[in-house]
Amino acid sequence: MASEAPALKINRVAPSIACASLPQTASLHHVRSVGELQTLQASLSSQMGTENRTLQTEQFSTLLATDDLVVINMGQKPTGGYTLELLSTHLSMEDNDATIKVRWEPPAKGMVVTQALTQPCLAIQIPRMSYDTLYITNQDGQLLFSHKN
């Protein structure tokens, strides 16, 4: 029998975060400290061959003092119109596993979209806590990512 704990508050941060220098494929980054953020920053910079300014340490250092940062990246898309947004402001907990629900959708059929490469992403502040696995699911409950703690 699954035990469900009360949901914990989560928050979208950096609503206009630029993700052009995150990996071109869909990815999940769970950052727990400024050191981990700096390591991710350095890794992204070496992949790009230039300084990466997507996840600026100054922007997130206060947040990382008490909470974690989760960055969900849809990867590179051929046009605009893709949707990636937080569906709930609560982190669901069940059997010591945490779940974040997002809307992950392509443009609607026939929608007029920007004809340019885009890279939708979402930065989310979650409480620092102990859990076994963090799951990211879409609006239909399909698993997008999982991250063992």
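How much area does the protein chain expose, and what share of it do carbon and sulfur atoms supply? The chain exposes about 8000 Å², and carbon and sulfur atoms supply 51% of that area. Please keep in mind while reading that this is a predicted model.

## The overall plan

Let us start with the chain as a whole. The protein chain has two helices and ten strands. Read from the N terminus, its elements follow the order β-β-β-α-α-β-β-β-β-β-β-β. Of the 149 residues in the chain, 42% are buried. Contacts across the sequence are also worth a look: among contacts with a separation of 6 or more, 74% are between residues 24 or more positions apart.

## An open sheet

Which strands form the open sheet, and in what order? Four strands take part, arranged as β2-β8-β4-β3 with antiparallel pairing. At the edges are β2 (11-13) and β3 (27-31), each of which pairs on one side only. Leaving direction aside, neighbouring strands in this sheet are turned by 25° against each other on average.

The edge strand β3 is a good place to pause. Its link to β4 consists of five bridges, and the two strands run antiparallel. Two of the residues in β3 show how the strands line up: Ser27 has Asn73 of β4 as its bridge partner, while Val31 has Leu69 of β4.

Is β3 mostly covered or mostly open? The strand is mostly covered, with five of its five residues buried. Ser27, His29 and Val31 point one way from the strand, and Leu28 and His30 point the other way. Both groups are buried.

## Two nonpolar cores

Now to the inside of the protein. The largest nonpolar core has 20 residues. Those with the most contacts inside this core are Val70, Ile72, Ile100, Ile124, Leu134 and Ile136. Six strands each supply at least two residues of the core: β4 (67-73), β5 (83-86), β6 (90-94), β7 (97-105), β8 (121-127) and β9 (133-137). Of these, β7 gives the most, with four residues.

Which residues does Val70 touch, once those up to four places away in sequence are set aside? Its contacts include Leu28, His29 and His30, which belong to the residues of β3 described above. Val70 also touches Ile100, Leu122, Ala123, Ile124, Ile126, Leu134 and Ile136.

There is a second, separate core as well, made of twelve residues. Among its members are Leu37, Leu64, Cys121 and Ala123.

One of these members, Leu64, can also be placed relative to a helix residue. Gly35 is part of helix α1 (residues 34-48). From C-alpha to C-alpha, Gly35 and Leu64 are 9.8 Å apart in space, with their positions 29 residues apart in sequence.

## An aromatic pair

The structure holds one aromatic pair. The ring centres of Trp104 and Phe145 are 6.0 Å apart and the ring planes stand at 70°, so the pair is edge-to-face. Why does the pair tie together parts that are apart in sequence? Trp104 lies in strand β7 and Phe145 in strand β10 (residues 143-148), so the pair joins parts that are 41 residues apart. Both rings belong to buried residues, as the table below shows for Trp104 and Phe145.

## A loop with two positive phi values

Between β6 and β7 there is a loop that includes Asp95. Asn96 lies in the loop between these two strands as well. What is notable about the phi of Asp95? Asp95 has a positive phi of about 50° although it is not a glycine. Asn96, also a residue other than glycine, has a positive phi near 65°.

How covered are these loop residues? Asp95 has a relative accessibility of 38%, so it counts as partly exposed. Asn96 counts as partly exposed too, because its relative accessibility is 36%. The table sets out the values for residues met in this report.

| Residue | Relative accessibility | Class |
|---|---|---|
| Gly35 | 36% | partly exposed |
| Asp95 | 38% | partly exposed |
| Asn96 | 36% | partly exposed |
| Trp104 | 18% | buried |
| Phe145 | 14% | buried |

Terms used:
Residues numbered from 1 in each chain as written. Predicted model: local features only at pLDDT ≥ 70, side-chain atom pairs only at ≥ 80, totals over all residues. Heavy atoms only, no water. Core = buried A, V, L, I, M, F, W, Y, C linked by side-chain atoms within 4.5 Å. Buried < 20%, exposed > 50% of the residue type's maximum accessible area, 1.4 Å probe, protein only. Contact = heavy atoms within 4.5 Å. Pairing = 2+ DSSP bridges. Axes fitted to C-alpha atoms, helices over the stretch in contact; angles between N-to-C directions. Phe/Tyr/Trp six-rings, centres within 6.5 Å; stacked < 30°, edge-to-face > 60°. Areas by Shrake-Rupley, 256 points an atom, 1.4 Å probe, with all protein chains shown as cover.
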